[in-house]
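Here is a friendly walk through one protein model and the ligand it holds. Keep the sequence and the 3D view open beside you, and we will go from residue to residue together.

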Amino acid sequence: ENLWGLQDCAETIYEFADEAQKEKYIPRVCAGETMSMDLTEPDAGSDLQSVMLKASQKEDGSWVLNGVKRFITNGDSDIHLVLARSEEGTKDGRGLSMFIYDKRNGGVNVRRIENKMGIKGSPTCELVYKDAPAELVGSRKLGLIKYVMALMNGARLGIAAQSVGISEHAYREALDYAKERKQFGKAIIEFPAVAEILSLMKAKLDASRTLLYACSRFVDMYKIYDDIAKERKLEVEEKKEAKFYSRLADAFTPLAKGMTSEFCNQNAYDCIQIHGGSGFMKDYACEQIYRDARITSIYEGTTQLQVVAAIRHVTTGTYLDWIKGEAEKQVAAEDEAVKATLNFMTQQYIDAVEAVTGVNDPKFLDFMARRLVEMAGYIVMGYLMLDDTQRDSSFRKSLHVFVNYGKAEVAKHADFIGNFRPEEISDYLYTE
Ligand SMILES: Cc1cc2nc3c(=O)[nH]c(=O)nc-3n(C[C@H](O)[C@H](O)[C@H](O)COP(=O)(O)OP(=O)(O)OC[C@H]3O[C@@H](n4cnc5c(N)ncnc54)[C@H](O)[C@@H]3O)c2cc1C
């Protein structure tokens, strides 16, 4: 937890800071100094466009920061990346710039360390900036639009990895306990009701990991091209491929963060269930897993905000294009039935997208967005697991369990969307 975000912060300096800043800060980070990303404020959480921490430029051209940030992981770090309003009179994201604050210069006070439900290994701080000296990173006004977007995409992938780790821990604890605990004269793992929970935990874990790896690969691919482009002009084909992977990284990052963090919470819940009453006690690891899992679907953008980022890839067809590519791949004869199921789910997804976009009402799309994104998620994860199974048959069991589960979830969403009359939306919206 104490290394949380460190790599993403360091990468942001590497990518966007000037040479003098890189020379100054990167060796310090490599030598073990800590970093934090100071974005959130009391009135600016999901909506970072309304960040108000003020950056003022002095006559000599240097900058000072004034205001409050909250919920900052490792807020007492040595080097901070800070999102602040540099353009007086502005109210949206175009008035925000990115700054580096160096703790050695003073001016920032840790006013409070939060008392949290979980991830107690990392201090989450409220910070008060009082004429804190800071250096501008990159160009003015690109703070949110460019630098924070890049920073957050990296950090979101990090949370997906954290979610896979917690899911794995939850599964192992549950499996060990289910083998040891005896009731009615036998180990509880022998009861189908318990075994089914374990199988589903494993399937969600395997599905989460394969989505994380696929997404990481897309990110690696476009970043490699970014790096090459700094040294020489890309060939036409290379440019095309760079664009292709950049789009996939953009689409898969919120999908990975959203799906893996929700699965990790579900696995933590099931881990406690398998422990019965003991799971409710602080004596077992599952109690901590349950508390630690909870943050994954909140920070670096809640699941709802991942849906906001992912939905345009539903409407523009990024997920569907990728799915169609997967559907063309050959699979082993014994996996043809699973592939047919995934094809069937894809058709339900296509119909659901058409039904929702056909209404042509942004509010209706917002209302159905999570269902559509989840449908895409189940199909994408199913195809990734099918692909894994072609390389390693030990995934086949998880593939079957996951696709059975995903099929039922997709059918549930298809049924809801297919039978929903747009005017019913008023039953769900609160206007007061
Ligand atoms: C332990 C911890 C560590 C953190 N570390 C950091 C850090 O290091 N740096 C940092 O900058 N921040 C950090 N945060 C802040 C974190 O990123 C925010 O808490 C998170 O983005 C949500 O913002 P919020 O808390 O203001 O909730 P809000 O934005 O108030 O959201 C409340 C609810 O409204 C929903 N909602 C809001 N807007 C929309 C929308 N447009 N559509 C649909 N639903 C919406 C949300 O999904 C949520 O359910 C941390 C938070 C915690 C708890």
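Phe71 lies in strand β3. The model is a predicted one, and in it Phe71 has a positive phi of about 55° although this residue is not a glycine. Is Phe71 buried, exposed or partly exposed? Its relative accessibility is 42%, so Phe71 counts as partly exposed, because the partly exposed class runs between 20% and 50%.

Phe71 also takes us to the ligand. A polar backbone atom of Phe71 is 2.8 Å from a nitrogen atom of the ligand. Thr40 makes an approach through its side chain, where a polar atom lies 2.6 Å from a ligand nitrogen atom. On the oxygen side, an N or O atom in the side chain of Gln304 is 3.0 Å from an oxygen atom of the ligand. How much of the ligand does the protein cover? On its own the ligand has 970 Å² of accessible area, and the protein covers 65% of that.

**The shell around the ligand**

There are 20 residues around the ligand, and those that come nearest are Thr40, Ser46, Phe71, Thr73 and Thr302. Which elements supply at least two residues each to this shell? They are β3, residues 63-73, and α7, residues 303-315. The largest share, three residues, comes from β3. Sorted by class, the shell has 10 nonpolar residues, eight polar ones and two charged ones.

**A second positive phi**

Like Phe71, Asn360 is not a glycine, yet Asn360 has a positive phi of about 60°. You will find Asn360 in the loop between α9 (336-359) and α10 (362-391). The relative accessibility of Asn360 is 69%, so this residue counts as exposed; the cut-off for that class is over 50%.

**Aromatic rings**

Now turn to the rings. The structure holds 22 aromatic pairs. For one of them, Phe402 and Tyr405, the ring centres are 6.5 Å apart and the planes meet at 55°, so the pair is tilted. The reasoning is that planes under 30 degrees apart would count as stacked and planes over 60 as edge-to-face, so an angle that fits neither is called tilted.

Where do Phe402 and Tyr405 lie? Both are in helix α11 (residues 396-418), three residues apart, which is about one turn of the helix. Phe402 is buried, with a relative accessible area of 0%. Tyr405, at 18% relative accessibility, also counts as buried, because the limit for buried is under 20%.

Elsewhere, one aromatic cluster is formed by Phe218, Phe244, Tyr245, Phe252, Tyr319 and Trp322.

Arg371 deserves a look as well. Arg371 lies over the face of Phe367, at 5.2 Å from the ring centre. Arg371 lies over the face of Phe416 too, at 3.9 Å from that ring centre.

**Helix residues and their partners**

Next, some residues in helices. Asn267 lies in helix α5, which spans residues 236-275. With a relative accessible area of 0%, Asn267 is buried. The side chain of Asn267 is joined to that of Ser167 by a polar contact of 3.4 Å.

Gly143 is found in helix α3 (residues 143-180), and Gly143 is buried, with a relative accessible area of 0%. In helix α4 (residues 192-231) you can pick out Asp227, which is partly exposed at a relative accessible area of 34%. Leu198 lies in helix α4 too, and Leu198 is buried, with a relative accessible area of 5%.

How far apart in sequence and in space are these residues and their partners? The table sets out the C-alpha to C-alpha values.

| Residue pair | Apart in sequence | Apart in space, C-alpha to C-alpha |
|---|---|---|
| Gly143 and Phe99 | 44 residues | 8.2 Å |
| Leu198 and Leu175 | 23 residues | 6.8 Å |
| Asp227 and Gly277 | 50 residues | 53 Å |

Reading the rows in your viewer, you can start with Gly143 and Phe99, which are 44 residues apart in sequence and 8.2 Å apart in space. Then try Asp227 and Gly277, where 50 residues of sequence go with 53 Å in space.

Key:
Residues are numbered from 1 along each chain as its sequence is written. This is a predicted model: local features need pLDDT of at least 70, side-chain atom pairs count only at pLDDT 80 or more; totals for chains, interfaces and linings use all residues. Side-chain values use heavy atoms; hydrogens and water are left out. Rings of Phe, Tyr and Trp (its six-membered ring) pair if their centres lie within 6.5 Å; planes under 30 degrees apart count as stacked, over 60 as edge-to-face and the rest as tilted. Helices (H or I, at least four residues) and strands (E, at least two) are DSSP runs, numbered from the N terminus. Buried means under 20% relative accessible area, exposed over 50%, partly exposed in between (1.4 Å probe, protein chains only). A charge sits over a ring if NZ of Lys or CZ of Arg is within 6 Å of the ring centre and within 35 degrees of the ring normal. A residue is near a molecule or strand if one of its heavy atoms lies within 4 Å of it. A polar contact is a pair of N or O atoms within 3.5 Å; within protein, one must be able to donate a hydrogen and the other to accept it, and residues adjacent in sequence count only if both atoms are side-chain atoms. Accessible areas come from the Shrake-Rupley method with a 1.4 Å probe; for residues, only the protein chains shown count as cover. Ala, Val, Leu, Ile, Met, Phe, Trp, Tyr, Cys and Pro count as nonpolar, Asp, Glu, Lys and Arg as charged, and the others, Gly among them, as polar.
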